[in-house]
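Me: I'd like a close look at one part of this model, the salt bridges, with a word on a pocket afterwards. Could you walk me through it?

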Amino acid sequence: MTSNIKEFTKTYFLTADECNPEQEMPLTLVMSRVIDIATLHANAWGVGYAKLIEENQGWVLSRVTIEMDRYPQVNEEYSFTTWIEDYNRHFSQRNMEIRDKDGAVIGGVRTIWMVINYATRESVDISKLAYIRDNISARKCPITPQSRMRPVTEGRSVPYTFQYTDCDVNRHVNTVRYLELLMNQFPLEKWDKEQVHRLEIAFMHETRFGDTLTVHVDDSDPLDCKLSIDDATVSHCRARFVFTPRG
């Protein structure tokens with residue numbers, strides 16, 4: 001691990017048990033690493049989970065955009081570097097860059113985080129947090145911002161009831177579990193032929209154990225699929241998968 005305060009880098013090694021059926025880093029693991037590296041950087045500033053929980057607060061991931069030109073292969077080293085680009089009262093924009101073992105950039109990430117009060121479930125004003133203000137980096141993000149995602153009203157749908165293993169330390173549905181559920185709406189044959197070049201996902205409403213929601217999938221354009229996880233009145237999660245054929 002390396003850190004210059006404003007930027008934080010960690011190198012990983014992709015083992016066989018972490019790979020998907022195509023023998024590469026799965027998108028769900030990319031998402032896990034996004035959370036991992038953000039947590040490590042916050043911990044390096046002394047404002048990670050252990051500190052915020054003292055005031056019954058915690059960081060929550062609101063939006064993620066991931067672009068991958070290629071995914072690390074089994075037994076390959078890769079690294080994540082993260083930094084803060086901007087923030088306001090409610091949100092912190094954290095970016096990331098992914099490099100392969102040779103140092104070539106293979107992916108980029110944009111994330112939006114917020115701090116919530118666990119008692120009220122409302123956002124906390126972070127505009128006065130000096131550790132964010134003093135550590136904003138001038139480094140630019142390598143990918144474009146997330147597009148505006150609308151409700152999915154066409155296509156196929158399937159109900160899903162969230163279970164114990166879907167939930168995390170905050171007692172709501174884990175970020176990666178949402179992504180797993182969305183990815184499982186496509187057959188293995190599609191993943192063998194194509195991979196996700198760009199993922200856009202927004203977490204809009206808390207989901208808890210026992211909630212039964214509906215997964216909506218609009219794959220009328222098979223290379224640009226829109227998905228959402230909804231109850232009768234609101235979207236809990238919306239996503240967009242931009243696929244590209246495997247070389």
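To start with, is R246 buried, partly exposed or exposed?

Reply: Keep in mind that this is a predicted model. R246 is partly exposed, with a relative accessible area of 24%. Its side chain meets that of E22 in a salt bridge, at 3.9 Å from N to O. The cut-off for such a pair is 4 Å, so this one counts. E22 sits in the loop between β2 (7-13) and α1 (27-44), while R246 is in the segment after β11 (235-245), so the bridge ties together parts that are 224 residues apart in sequence. On the E22 side, the relative accessible area is 17%. Buried means under 20%, so E22 falls in that class.

That pair is one of 17 salt bridges in the structure. Another one joins E76 and R70, with the closest N and O atoms 2.6 Å apart. Here the acid is buried, E76 having a relative accessible area of 6%. Its partner R70 is partly exposed, at 27%.

Next, take D224 and K226, whose side chains meet in a salt bridge at 3.3 Å, N to O. D224 is buried, with a relative accessible area of 15%, whereas K226 is partly exposed, at 34%. This pair doesn't stand alone: salt bridges that share partners join E67, R198, E200, D224, K226 and R240 into one network.

Now for the pocket. The second largest pocket has a volume of about 310 Å³, and 20 residues line it. If you want to find its centre on screen, look for N20, P21, P26, M183 and W191, which are the lining residues nearest to it. The elements giving two or more residues to the lining are α1, α4 (175-183), α5 (188-193) and β8 (194-203). Of the contributions to this lining, the largest share is that of β8, with three residues. By residue type, the lining of the second largest pocket splits into eleven nonpolar, four polar and five charged residues.

If you're clicking through the model, α1 is a handy landmark for both topics. The loop that holds E22 runs between β2 and α1, and α1 is also among the elements that give two or more residues to the lining of the second largest pocket.

Methods. Residues numbered from 1 in each chain as written. Predicted model: local features only at pLDDT ≥ 70, side-chain atom pairs only at ≥ 80, totals over all residues. Heavy atoms only, no water. Helix = DSSP H or I, 4+ residues; strand = E, 2+ residues; numbered from the N terminus. Buried < 20%, exposed > 50% of the residue type's maximum accessible area, 1.4 Å probe, protein only. 1 Å grid on protein atoms, 1.4 Å probe; cavity = no way out; pocket = protein on both sides within 12 Å on 5 of 7 lines; lining within 4 Å. Points joined across faces, edges and corners; volume = space filled by probe spheres on them. Nonpolar A, V, L, I, M, F, W, Y, C, P; charged D, E, K, R; others polar.
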